[in-house]
Amino acid sequence: MKCKRCGACCRLIALEHTNPGKKDLEYYHARGWTYDQDTDIVWIPSLCPHLLPDNSCAIYTTRPEQCRLYPKKTPGLVVPPGCAFEQ
């Protein structure tokens, strides 16, 4: 897969949470997070501080392992909406 530099993966964090309780949902809502009950995913807006205006990475050569492996070998991979990876 080839990155098309859309930046979507650097703007959202995805957490899996099966059957969150009412307090969990209230916590998410209060922080502006979105829970998708169809996928059991919590979407957390979170802009990576290393994302540059052209959607490139300021620390590309020293980026974390999670970023190096994305999207091919990322356990529990959840590709964010709008991701422009092409195969």
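**Cysteines and a small talk on one sheet**

Okay, let's start with C67: its sulfur sits 6.4 Å from the closest cysteine sulfur, the one in C48, and that is too far for a bond. For a disulfide, we ask for a pair of cysteine sulfur atoms within 2.5 Å. C67 itself is partly exposed, at 41% relative accessibility; buried would be under 20% relative accessible area and exposed over 50%, with partly exposed in between, using a 1.4 Å probe and protein chains only.

Before I go on, this is a predicted model, where local features need pLDDT of at least 70 and side-chain atom pairs count only at pLDDT 80 or more, while totals for chains, interfaces and linings use all residues. Residues are numbered from 1 along each chain as its sequence is written, and side-chain values use heavy atoms, leaving out hydrogens and water.

So how many disulfides does the structure hold? Zero. C48 is in none, and its nearest cysteine sulfur, in C10, is 5.5 Å away. C48 is partly exposed too, with a relative accessible area of 27%.

Now the sheet. It's an open one, three strands in the order 1-3-2, with antiparallel pairing. Strands here are DSSP runs of E, at least two residues, numbered from the N terminus, and two of them pair if DSSP finds at least two bridges between them. Strand 1 (12-16) and strand 2 (34-36) are at the edges with a single partner strand each, so each has one side without a neighbour in the sheet. On average, neighbouring strands are turned by 25 degrees against each other, direction ignored, using axes fitted to C-alpha atoms, with angles running from 0 to 180 degrees between N-to-C directions.

Last bit: strand 1 and strand 3 (residues 41-45) run antiparallel, joined by five bridges. E16, for one, has I41 in strand 3 as its bridge partner.

Notes
Helices (H or I, at least four residues) and strands (E, at least two) are DSSP runs, numbered from the N terminus.
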